[in-house]
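This report looks at how one helix packs against its surroundings and at the charged pairs that lie beside it. Please keep the sequence and the coordinates at hand while reading.

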Amino acid sequence: MSDEPESVSSTRGVTPDGLLHTGASDDPSAEDLVLASGRDLTPENIEWARRTLAREGRAAIDKRLP
């Protein structure tokens, strides 16, 4: 077992699976959708995400997460 915090992997800074979650109990924000889509947090991408969430709701982020 490592002495490092569980939130940081010692090899590549990857979050361990046990700490990952989709936030299924929360409503996703525009920023959540942008990041789930692999895009940068730019004003244009945040606006795209707002429109997409308004149109698709929670399904918008569920479609983009594995």
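What follows describes a predicted model, beginning with a helix and its two sides and ending with salt bridges.

**Helix α2 and its faces**

Helix α2 comprises the 14 residues 43-56, and at 1.5 Å a residue it should span 20 Å, which agrees with the 20 Å between its end C-alpha atoms. Its buried residues are Asn-45, Ile-46, Trp-48, Ala-49, Thr-52 and Leu-53. Seen down the axis of α2, these buried residues fall within an arc of 155°, so they line one face of the helix. On the other side of α2, Pro-43, Glu-44, Ala-54 and Arg-55 are exposed. The cover over the buried residues of α2 includes α1 (30-36) and α3 (59-64), and the helix is followed by Gly-57, whose phi is positive, near 65°.

**Residues on either side**

Thr-52 lies in α2 and has a relative accessible area of 1%, so it counts as buried, given that the cut-off is under 20%. Leaving out residues up to four places away in sequence, Thr-52 touches Leu-33, Gly-57, Ala-60 and Arg-64. Trp-48, with neighbours within four places in sequence likewise set aside, is in contact with Leu-33, Ser-37, Arg-39 and Arg-64.

Asn-45, also placed in α2, is counted as buried at 18% relative accessibility. A polar atom of the Asn-45 side chain lies 2.8 Å from the backbone oxygen of Asp-40, and, not counting residues up to four places away in sequence, Asn-45 touches Val-34, Arg-39 and Asp-40.

Ala-54, by contrast, is found in α2 but is exposed, because its relative accessibility of 68% exceeds the cut-off of 50%. Between Ala-54 and Ala-30 there are 9.8 Å in space, C-alpha to C-alpha, and the two are 24 residues apart in sequence.

**The nonpolar core**

Which residues make up the largest nonpolar core? That core has nine residues, namely Ala-30, Leu-33, Val-34, Ile-46, Trp-48, Ala-49, Leu-53, Ala-60 and Ile-61. The elements that contribute two or more residues to this core are α1, α2 and α3, and α2 gives the most, with four residues. In soluble globular proteins, nonpolar side chains tend to be buried together.

**Salt bridges**

Side chains of opposite charge can pair when their charged atoms come close. The structure holds five salt bridges, and the table gives some of them with their closest distances between N and O atoms.

| Pair | N to O distance |
|---|---|
| Glu-56 and Lys-63 | 3.2 Å |
| Arg-64 and Glu-56 | 3.7 Å |
| Arg-58 and Asp-62 | 3.3 Å |

Arg-55, Glu-56, Lys-63 and Arg-64 are linked in a network of salt bridges. Within that network, Glu-56 counts as partly exposed at 23% relative accessibility, Lys-63 is exposed with a relative accessible area of 59%, and Arg-64 is partly exposed with a relative accessible area of 29%. As for the pair formed by Arg-58 and Asp-62, Arg-58 is partly exposed with a relative accessible area of 23%, and Asp-62 is partly exposed with a value of 42%.

Conventions:
Residues numbered from 1 in each chain as written. Predicted model: local features only at pLDDT ≥ 70, side-chain atom pairs only at ≥ 80, totals over all residues. Heavy atoms only, no water. Expected span 1.5 Å × (residues − 1). Buried < 20%, exposed > 50% of the residue type's maximum accessible area, 1.4 Å probe, protein only. Arc of directions from axis to C-beta. Contact = heavy atoms within 4.5 Å. Core = buried A, V, L, I, M, F, W, Y, C linked by side-chain atoms within 4.5 Å. Polar contact = N/O pair within 3.5 Å; in protein donor to acceptor, adjacent residues only side chain to side chain. Salt bridge = Lys/Arg side-chain N within 4 Å of Asp/Glu carboxyl O.
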